[in-house]
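Work through the exercises below with the coordinates open. Try each task before reading its solution.

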Amino acid sequence: MSKRTLDAFFKPPPKRTKESHPTSTSDSDSTNANVLPPDTHTTYPIPIAKLPPNLTASLKENTPSREPKIMNSQPDLDCLYYQPFIPRSIANELFRVLRNELPFYRVVYFAKRGGVDVEIKTPRFTTVFGVDEGCSFKSEGSDSVVSKPGNGPDSGSAPAHTPASVPVPVSAGEDVPNESETPTTEQRQQPSTKQDTTADTNADSKTKDYKTSTLTLQRNPNTPNLAKTHKYSHQPRPIPTCLHNLKALVESATKETYNFVLVNYYASGEDSIAFHSDDERFLGHYPTIASLSLGSEREFLLKHKPPPPPGTGSGSGSGSGSGGISANASAGSGSGSGGGATIKLPLSSGDMIVMKGPTQSNWLHSIPKRKGKSGNNLGGRINITFRKARIPAGTDNYYHYNVGTGPVWRWDDIAKEMKVQK
Ligand SMILES: O=C(O)CCC(=O)C(=O)O
Ligand SMILES: [Fe+2]
């Protein structure tokens, strides 16, 4: 098998459009995040600060920093790779602000494994905001968080297509997230028992009721009955302004709309996400998922799903599966299981991967653990994925597995570590 450079996976990059200007913001600016009143809501465990105005201005002015590389020369792969999307210095500042401000969770949940309930400890901090197409959020004032009506081909309705080989969640509580060590999409429904981290207490969080809420959950006028007929077991939380601002930048660059946002915080190299695909039915056919990296560099791995067993006739996508991948990327790529090459992308602060088209139904991705302290100089890594749910209450599972019922964790800037919110 011949070695190829990483660039061989890409088409030649289009020319740069915007220069990377260092931001005028500094460390001390991030502590001024309270200049604007924070966002509050009954579903928020804490008020969430808006971005400092100079950071918002730098983001608007300098993003996207570069045009993306197009990664579509592999079977069933259709990705954009922004290196970076946000200039590094601005991305680092944004990383510090979001790490300081967002409430995170260390979710522990139970899943059936061989008929037995096993405890799974999510090996990273997570948090989620937003809601399905059936509902939208609206804030009073200029920072409206309403989903634009009529943007999806099938707003509020079932997706036109579901890959035949994929067992799909049809209602809240059936889907499980990504903690399998050797996952296929099928295994993702039944995570392995391997536990990656020590558990935190699973005590109920005390959610404060902020009477000064400025954000209200509304029914989408286009789909007036959906909110009524679908009950959320976790009340969805409005996308806070700090993430809404980023969503707007990503929407403008990718020419897509998103209605919920999942945030991962990898505090150290021990934190990870196992190989999985984000191909839940409620995201619809060929979902576009934009994935932004902030903070320390981590490696992002992509490998083709193994071909379906012969005779099942259930292959999804149009490509030839992992057998069709004939080259390794030289930038640290190794061969993956199932015979295909694993693509390794170093994701630095400000980089963004957009996965679209047949990618989710045919490829798996992961952030493996990494040894040693190198690459963690910024104090961890935040990943923000922008997604669009198309089936009402579909996001409920995301709240279940990324918020859960445990305590709220926050960054302690004096101790320089995550601490349980008292
Ligand atoms: O951290 C990353 O880059 C990947 C996160 C991811 O794949 C997910 O949240 O589904
Ligand atoms: Fe993912």
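The exercises cover a metal site, a bound ligand, backbone geometry and a few single residues.

This is a predicted model, in which local features need pLDDT of at least 70, side-chain atom pairs count only at pLDDT 80 or more, and totals for chains, interfaces and linings use all residues. Residues are numbered from 1 along each chain as its sequence is written, chains are lettered from A and ligands numbered from 1 in the order in which they are written, and side-chain values use heavy atoms, with hydrogens and water left out.

**Exercise 1. The iron site**

Find the protein donors of the iron ion (ligand 2) and their spacing in sequence.

Solution.
- Start with the cut-off. Donors are N, O and S atoms within 2.8 Å of the metal (3.2 Å for Na, K and Ca); water is not among the atoms, so sites may look incomplete.
- List the donors. H276 gives NE2, D278 gives OD and H365 gives NE2, and they lie 2.1 Å from the iron ion.
- Write the spacing. The donor residues follow the pattern H-x1-D-x86-H.
- Place the histidines. H276 sits in strand β10 (residues 273-276) and H365 in strand β16 (residues 363-367). The pair is 89 residues apart and links distant parts of the chain.
- Note the element rule. Helices (H or I, at least four residues) and strands (E, at least two) are DSSP runs, numbered from the N terminus.
- Check burial. Both H276 and H365 are buried. Buried means under 20% relative accessible area, exposed over 50%, partly exposed in between (1.4 Å probe, protein chains only).

**Exercise 2. The surroundings of ligand 1**

Which residues come nearest to ligand 1, and which elements give two or more residues to its shell?

Solution.
- Set the shell. A residue is near if one of its heavy atoms lies within 4 Å of the molecule.
- Pick the nearest. Among the 13 residues around ligand 1, these are N264, Y266, H365, R381 and R387.
- Look for polar pairs to oxygen atoms of ligand 1. A polar side-chain atom of N264 lies at 2.9 Å. For D278 the distance is 3.3 Å. For N383 it is 3.2 Å.
- Take the cover next. Alone, ligand 1 exposes 290 Å², and the protein buries 99% of that. These areas come from the Shrake-Rupley method with a 1.4 Å probe.
- Assign the elements. β9 (260-266), β10, β16 and β17 (381-387) each give two or more residues to the shell.
- Link the two sites. D278 is an iron donor and also has a polar side-chain atom 3.3 Å from an oxygen atom of ligand 1.

**Exercise 3. Backbone geometry**

Locate two cis peptide bonds and two positive phi values outside glycine.

Solution.
- Recall the baseline. Most residues other than glycine have a negative phi, and most peptide bonds are trans.
- Take the T63 and P64 pair. Their bond is cis, with omega about 0°. P64 lies in the loop between α2 (53-62) and β2 (69-71).
- Take the Q83 and P84 pair. Their bond is cis too, with omega about -5°. P84 is in the loop between β3 (79-82) and α3 (88-101).
- Turn to phi. D76 has a value near 65°, in the loop between β2 and β3. K255 has about 55°, in the loop between α6 (241-254) and β9.
- Are D76 and K255 buried or exposed? D76 is buried because its relative accessible area is 6%. K255 is exposed because its relative accessible area is 70%.

**Exercise 4. Single residues**

Describe the settings of K388, G380, C242 and W409.

Solution.
- K388 is in the loop between β17 and α8 (396-402). At 7% relative accessible area, K388 is buried. Its side chain makes a polar contact of 2.6 Å with that of T257. A polar contact is a pair of N or O atoms within 3.5 Å; within protein, one must be able to donate a hydrogen and the other to accept it, and residues adjacent in sequence count only if both atoms are side-chain atoms.
- G380 is in the loop between β16 and β17. Its relative accessible area is 0%, so G380 is buried. The C-alpha atoms of G380 and S296 are 5.5 Å apart, with their positions 84 residues apart along the chain.
- C242 is in helix α6. At 1% relative accessibility, C242 counts as buried.
- W409 is in strand β18 (residues 409-412). Its relative accessibility is 11%, so W409 counts as buried. W409 and I343 are 66 residues apart in sequence and 33 Å apart in space, C-alpha to C-alpha.
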